[in-house]
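Welcome! Here is a short tour for anyone meeting this structure for the first time. Have a look at it below, then read on.

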Amino acid sequence: MARRVREARVYSEIVPSTMPVAEMLAKNPKAIILSGGPSSVYAEGAPTVDRALFEAGVPVFGMCYGFQLMATTLGGTVDDNGAREYGRTALTVSQPGSTLFEGTPVDQSVWMSHGDACSAAPEGFTVSASTDVVPVAAFENDEKRLYGVQYHPEVLHSTHGQQVLEHFLYRGAGIEPTWTTGNVIEEQVALIREQVGSKRAICGLSGGVDSAVAAALVQKAIGSQLTCVYVDHGLMRQGETEQVEKDFVAATGVQLKVVDAEKRFLDALAGVSDPEQKRKIIGREFIRVFEQAQAEIIAEGGEDVAFLVQGTLYPDVVESGGGSGTANIKSHHNVGGLPDDIEFELVEPLRQLFKDEVRMVGAQLGLPDEIVQRQPFPGPGLGIRIVGEVTKERLDLLREADAIAREELTAAGLDRSIWQCPVVLLADVRSVGVQGDGRTYGHPIVLRPVSSEDAMTADWTRMPYDVLAKISTRITNEVADVNRVVLDVTSKPPGTIEWE
Ligand code: XMP
């Protein structure tokens, strides 16, 4: 939702629902959006809202849970009558000329994800849309500048969601669309210089877009005070280490230190199958390796390294349960996985940005397309793409399968149209197959091609069958111990992009 607001060229920030209203108002917001959330408004301990929020004269837009909270707080009715709706739903607009819906069709597709439903709007509100199941799917009060929708306008499957959101921002709240990523660089360079001063920093480079852009930004700010450290944790894909050494250094001229830490990571991961535990271990080992690199850099140069640069993005912060009331979906290795005894101060210049904004910043910094347009790859690497224990043999097997999939996707010209395509090994699953004249009992490989704009939501990519067939044939023929290739056809939500 926050990203959609920025796409409408309005700056946005997420604050926890527990923040006192006075504190929110002290930030002088031009509008407030009450987001969706995992609870029922009637659940014990569910986030609540102070009525004063609606009486402060600041325009408010509630969506999903926020909509229901708004309804109950202002005297409307929300009941848990089993009226559940999940996924794509047909919405009928009953007030086509309203502030929210003007210029959008009477029948439109929206994305729903709720249990309870609003059956009566608060007094003074006009009901402007409904569905077959929910009589009040949107309401508006122009006089008080309060608006709400039951669905998720921020999701692409809500065909006119962005338009409705912009109507709220521009028409309902009267905000001018003026925010861009252009000023982010200048602002961040100044902030980094102030934070780091004359000290030195190191940056963990993963070869991905985020750490590359973070490093380039910090290098612009503090130049040779920065050393990049690339940890080869043995969880990388084929050819990745060589690519980082070659492409990134060529593009930025940054000082790069490569650390071979494969054994260390694999030893730490031995016997571990739980995804959260894997993520925590990988996060912890990363930091330890950095500390080691720090010691070596000090030994080489004699100066203290006080800062660690990380390419943490806003979705990482949000999805790691950045505020109370949000569900902890996964501990991203660069946020929730940090150990308590961390010795560095963090520099996270991309912490407020979304992926597409990071790409824009990268391009503005002069990084080449091969880096800026790369498909996302998670920090914990293939470690979270093996369902089950991570071992060297399994990694090698997955690397082979992944290389085949990537090669064929590139050959088919699909790199740009697919957001990313995790290739996952179900190491604890075996199935019976037949190859040559013999029975096999091998592992399945999952292909997870997804289309997305920011990884917060995604849909599975309808890839050409012939490309899928080629990948499947090649993997089952060329990769020992794999006798089946399956396609993941789940959107996010309810699935996440990665399997762990
Ligand atoms: P999920 O699986 O949560 O992934 O839908 C959303 C996006 O984030 C990437 N991802 C990560 N990136 N560290 C990262 O740097 C992580 O721990 C991590 N986990 C997931 C994932 O590949 C997708 O693009």
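The points below go through a sheet, some annotated sites, the nonpolar cores and one loop residue. Please keep in mind that this is a predicted model.

**The seven-stranded sheet**

- Let us begin with an open sheet of seven strands, whose order is β1-β2-β9-β8-β7-β4-β5 and whose pairing is mixed.
- The edges are taken by β1 (32–34) and β5 (107–114); each has a single partner strand, so one side of each is left without a neighbour in the sheet.
- On average, neighbouring strands of this sheet are turned by 25° against each other, direction ignored.
- As background, strands of a sheet pair through backbone hydrogen bonds, either parallel or antiparallel.
- At one edge, β1 pairs with β2 (residues 60–63) in the parallel sense, over three bridges. Here Ile 33 stands opposite Phe 61 of β2.
- At the other edge, β5 pairs with β4 (residues 85–93) in the antiparallel sense, and eight bridges link them. Ala 90 has Ser 109 in β5 as its bridge partner.
- Strand β4 also runs antiparallel to β7 (residues 126–130), joined by two bridges. In this pair, Thr 92 has Ser 130 in β7 as its bridge partner.
- Helix α3 (residues 65–73) lies across β1, β2 and β9 (146–149), and it runs at about 115° to β2.

**The annotated active site**

- Which residues carry the "active site" feature in UniProt? The record, an unreviewed entry, places this feature at Cys 64, His 152 and Glu 154.
- These residues span 91 residues in sequence, yet no two of their C-alpha atoms are more than 10.9 Å apart, so they gather at one spot.
- Cys 64 sits in the loop between β2 and α3. It counts as buried, because 23 C-beta neighbours lie inside 10 Å and 20 are enough for that label.
- Leaving out residues up to four places away in sequence, Cys 64 touches Gly 36, Ser 113, His 114, Gln 150, Tyr 151 and His 152.
- His 152 is found in the loop between β9 and α4 (161–172). Is His 152 buried or exposed? With 23 C-beta neighbours inside 10 Å, His 152 counts as buried.
- Beyond its neighbours within four places in sequence, His 152 is in contact with Gly 36, Met 63, Cys 64, Trp 111, Ser 113 and Ser 158.

**The annotated binding site**

- An unreviewed UniProt entry gives the annotation "binding site" to Ser 206, Gly 207, Gly 208, Val 209, Asp 210, Ser 211 and Ala 212.
- Ser 206 belongs to the loop between β10 (200–205) and α6. Ser 206 is buried, having 23 other C-beta atoms within 10 Å.
- Not counting residues up to four places away in sequence, Ser 206 touches Ser 211 and Gly 379.
- Val 209 lies in helix α6. This residue is buried, with 23 other C-beta atoms within 10 Å.
- Neighbours within four places in sequence aside, the contacts of Val 209 include Val 358, Arg 359, Gly 362 and Ile 371.

**The nonpolar cores**

- The largest nonpolar core has 74 residues, and of these Ala 201, Cys 203, Val 213, Val 218 and Ala 401 touch the most other members.
- Which helix gives the most to this core? Helix α6 (residues 209–222) does, with ten residues.
- The core draws at least three residues from each of domain 2 (182–372) and domain 3 (385–487).
- Ala 401 touches Val 423, Ile 445, Ile 475, Val 479 and Val 482, when residues up to four places away in sequence are not counted.
- Another core, of 48 residues, lies apart from the largest one; among its members are Phe 54, Cys 118, Val 136 and Tyr 151.

**A loop residue, Met 463**

- Where is Met 463? It lies in the loop between β20 (458–460) and α14 (465–478).
- Met 463 is partly exposed, because it has 19 other C-beta atoms within 10 Å, while 20 or more would make a residue buried.
- Met 463 and Leu 409 are 54 residues apart along the chain, and their C-alpha atoms are separated by 9.6 Å.
- Setting aside residues up to four places away in sequence, Met 463 touches Leu 414, Pro 449 and Leu 468.

Conventions: Residues numbered from 1 in each chain as written. Predicted model: local features only at pLDDT ≥ 70, side-chain atom pairs only at ≥ 80, totals over all residues. Pairing = 2+ DSSP bridges. Helix = DSSP H or I, 4+ residues; strand = E, 2+ residues; numbered from the N terminus. Axes fitted to C-alpha atoms, helices over the stretch in contact; angles between N-to-C directions. Contact = placed C-beta atoms within 7 Å. Buried ≥ 20, exposed ≤ 12 C-beta atoms within 10 Å, placed from the backbone. UniProt positions renumbered as here; feature names shortened; annotations may be inferred. Core = buried A, V, L, I, M, F, W, Y, C linked by C-beta atoms within 7 Å. Domains from an automatic or database assignment.
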